[in-house]
Amino acid sequence: MNYEILMRDDPEWLATAETINNADWKAAKYLAKKMRTGKFTDWEGIVVAKDEDTIVGFCSFVKKDIVDSINYTPYIAIVYVDPNYRGRKISKELVMISEKQLRRIGFHEVYIVTQHVGLYEKWGYEQIDQSTDTFGRPMRVLRKFL
């Protein structure tokens, strides 16, 4: 498995957005649209997992996530692994690479907004808040010190 960090000025950015758009998950389509419409700024980007040349997983590291009522930053968001590749610790690697990138930039903590219980806690995240996301769903806000 190969992992790559992509930023908005990367030559593969738009082609990657189209591939992400084909994933069978609404949040993937949201991410792809955000990529295509220039909503990524500064240091924001994505991490992709590739099996040969096929993208099998991805996540983003961004200033804001889908919870507008709180002011934490940065976030690791939209962590996705193709169902055929789950159980191989790809999501953990995507998150760890994002954490390292954010640490390089100068951040000392990172946040994840999720409904999942137990997944991110295994990797050192702790719930610090809860809120309703922009779609009206209850969400947990997790933090990890880097």
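This is a guided tour of a predicted model, moving from its pockets and cavity to a helix, a buried lysine and several loop residues.

Because the model is predicted, local features need pLDDT of at least 70 and side-chain atom pairs count only at pLDDT 80 or more, whereas totals for chains, interfaces and linings use all residues. Residues are numbered from 1 along each chain as its sequence is written, and side-chain values use heavy atoms, with hydrogens and water left out.

**The largest pocket**

Begin by selecting Trp25, Val79, Thr114, His116 and Tyr120, which of the 31 residues lining the largest pocket are the closest to its centre. The volume of this pocket is about 840 Å³. A pocket here is an open set of points, on a 1 Å grid over the protein atoms alone, with protein on both sides within 12 Å along at least five of seven lines, and lining residues have an atom within 4 Å of a point. Points are joined across faces, edges and corners, and a volume is the space filled by probe spheres set on them.

Next, colour α2 (26-36), β4 (75-81), α3 (90-105) and β5 (109-114), each of which supplies at least two residues of the lining of the largest pocket; β4 gives the most, with six residues. Helices (H or I, at least four residues) and strands (E, at least two) are DSSP runs numbered from the N terminus. By class, the lining of the largest pocket holds 18 nonpolar, five polar and eight charged residues, where Ala, Val, Leu, Ile, Met, Phe, Trp, Tyr, Cys and Pro count as nonpolar, Asp, Glu, Lys and Arg as charged, and the others, Gly among them, as polar.

**The second largest pocket and the cavity**

Move to the second largest pocket, which holds about 150 Å³ of space, and select among its lining residues Thr19, Asn22, Asp24, Phe58 and Tyr80. Both α1 (13-21) and β3 (54-62) supply at least two residues of this lining, and the largest share, four residues, comes from β3.

The structure also holds one cavity of 30 Å³ or more, a cavity being a set of points where a 1.4 Å probe fits but cannot get out. To find the largest cavity, with its volume of about 50 Å³, select Tyr30, Leu31, Lys34, Ser60, Val62, Lys64, Asp65, Ala77 and Ile78, which line it. The largest share of the lining of this cavity, three residues, comes from α2, and the lining divides into five nonpolar, one polar and three charged residues.

**Along α3**

Now show α3 on its own: at 1.5 Å times one less than its number of residues, its 16 residues should span 22 Å, and the 23 Å between its end C-alpha atoms agrees with this. The buried residues of α3 (under 20% relative accessible area, with a 1.4 Å probe and protein chains only) are Ile90, Ser91, Leu94, Val95, Ile97, Ser98, Glu99, Gln101 and Leu102. Add β1 (2-7), β2 (45-51), β3, β4, β5 and β7 to the display, since these are included in what covers the buried residues of α3, with contact meaning heavy atoms within 4.5 Å.

Lysine 92, also in α3, is partly exposed (between 20% and 50%) with a relative accessible area of 31%. Just after α3, glycine 106 takes a positive phi of about 125°.

**Lysine 144**

From Glu99, step across to lysine 144 in strand β7 (residues 138-145), which counts as buried because its relative accessibility is 18%. The side chain of lysine 144 makes a polar contact with the side chain of glutamate 99 at 3.1 Å, and a polar atom of the lysine 144 side chain lies 2.8 Å from the backbone oxygen of tryptophan 123. A polar contact is a pair of N or O atoms within 3.5 Å; within protein, one must be able to donate a hydrogen and the other to accept it, and residues adjacent in sequence count only if both atoms are side-chain atoms.

**Loop residues**

Which bond joins threonine 73 and proline 74? A cis peptide bond does, with omega of about -5°, and proline 74 lies in the loop between β3 and β4. In the loop between α2 and β2, select aspartate 42, whose phi is near 45°, a positive value in a residue other than glycine; aspartate 42 is exposed (over 50%), with a relative accessible area of 53%. Finish at glutamate 52 in the loop between β2 and β3, which has a positive phi of about 60° although it is not a glycine, and which counts as exposed at 66% relative accessibility.
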